[in-house]
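Dear colleague,

I am handing over the structure below, and would be glad if you could read the notes that follow with it open beside you.

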Amino acid sequence: MPETTTQTFRVSDELELTWAGVTDRGRRRENNQDSFLAKYPLYIVADGMGGHAGGEIASQATVDRLSDMVDAGDIDDDRILAALQLAVDDIHQHPDTTDEGTGTTLTGVYLDRHEDGWRWVSLNIGDSRVYLERDGRLIQVTTDHSVVQELISSGKISPEEADAHPYSNVITRAVGANELVSPDYVAIDVVDGDRFIICSDGLTKELTDYGILHFLRENSEPADAVSAMVEAALENGGRDNVTLIVLNVRYTGAADDDVDDGGTQEEADSAEPEHSSSTGDSAAE
Ligand code: MG
């Protein structure tokens, strides 16, 4: 089992993020074509595909170029697209990526500062996923770009039939496989107690939504949660590379409209965020 530790970043007096990420080759694959980046304010997973070393090169190039973007400062959709263009160039120019199907998924979230405060933005290309645990429920934030998702959306198969479908691995959008494609973006408000799960399909092939929720409830610390989920995915077969990031949000700021007009000094002065919102206590299985 790969080791991981929980990391913390205090964004402001009111907003604190903690996270952990892990990637594992799994039990069947010869190499690990997944990559991830968990570097404030960007949290992403990339699942590479393609023969020889192609998949590893594609996912690593994409993560590296987006990491450079984080180091350079601001994040927005133009900068993401520019980073992806550089990644596509890296992939095509690499001597080991002659395979036509070489490419990678990309999914994740970043924290965005905008006029009214903070918000999350999810981004997605392919069939890696972002989930959000909020109010004891697990919500899939991203929509897969896959053949089976199209079949589900058009009512031709049920979600239950998707896993066993012969095209269950075929994605319809990727970084590097063809020309540059833009991610789908979804804006999400910042809510105390939220937990994001960003993962490759090696996790979701082995764990149901219910399973993911179970391990989140059992493990409030991100490092414990990712370790428990990778272990469970391996026990369930580990048929693919498994990668996931768990990101916890602590927010004691203005969730209501009228809070920022003075009179709330004591909240702002406290050294530690007040609420450690223990998700999981209230909802028994
Ligand atoms: Mg995979």
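Please bear in mind throughout that this is a predicted model. Six of its strands form an open sheet, in the order β1-β2-β12-β11-β8-β9, and the pairing within this sheet is antiparallel. The edges are taken by β1 (7-10) and β9 (137-140), each of which has a single partner strand, so that one side of each is left without a neighbour in the sheet. From one strand to the next, the twist averages 20°.

To place the sheet in the whole, the secondary structure of the protein chain comes to eight helices and twelve strands. Of the 285 residues in the protein chain, 42% are buried, and, among the contacts in the chain with a separation of 6 or more, 68% are between residues 24 or more positions apart.

Two of the strand pairings can be followed residue by residue. At one edge, β1 and β2 run antiparallel and are joined by four bridges, with Thr-8 having Thr-18 in β2 as its bridge partner; the connection from β1 to β2 is a hairpin through four residues. Further along the sheet, strand β11 (residues 195-199) and strand β12 (residues 242-251) also run antiparallel, joined by five bridges, and here Cys-199 has Leu-244 of β12 as its bridge partner.

The sheet also has a helix against it, since helix α7 (residues 222-235) lies across β2 (15-24) and β12, running at about 25° to β2. Two packed helices are described by the angle between their axes and the distance between the axes. In the case of α6 and α7, the axes come within 9 Å and cross at roughly 145°, and the crossing in which α6 passes α7 is right-handed. The residues that make this contact are Gly-211, Ile-212, Phe-215, Leu-216 and Glu-218 on the α6 side, and Ala-225, Ala-228, Met-229 and Ala-232 on the α7 side. Sorted by class, the contact of α6 with α7 has seven nonpolar residues, one polar and one charged.

One residue of α6 deserves a separate look, namely Tyr-210, which lies in that helix (residues 209-218). Is Tyr-210 buried or exposed? Tyr-210 counts as exposed, because it has 9 C-beta neighbours inside 10 Å, and a residue is called exposed at 12 or fewer. The C-alpha atom of Tyr-210 is separated by 9.4 Å from that of Arg-137, although the two residues are 73 apart along the chain; Arg-137 belongs to the edge strand β9 (137-140).

With best regards

Note on methods: Residues are numbered from 1 along each chain as its sequence is written. This is a predicted model: local features need pLDDT of at least 70, side-chain atom pairs count only at pLDDT 80 or more; totals for chains, interfaces and linings use all residues. Two strands pair if DSSP finds at least two bridges between them. Axes are lines fitted to C-alpha atoms, for helices over the stretch in contact, and angles run from 0 to 180 degrees between N-to-C directions. Two residues are in contact if their C-beta atoms, placed from the backbone, lie within 7 Å. A residue is buried if 20 or more other C-beta atoms lie within 10 Å of its own, exposed if 12 or fewer, and partly exposed in between; C-beta atoms are placed from the backbone. A crossing is left-handed if the near helix is turned anticlockwise from the far one by less than a right angle, and right-handed if clockwise. Ala, Val, Leu, Ile, Met, Phe, Trp, Tyr, Cys and Pro count as nonpolar, Asp, Glu, Lys and Arg as charged, and the others, Gly among them, as polar.
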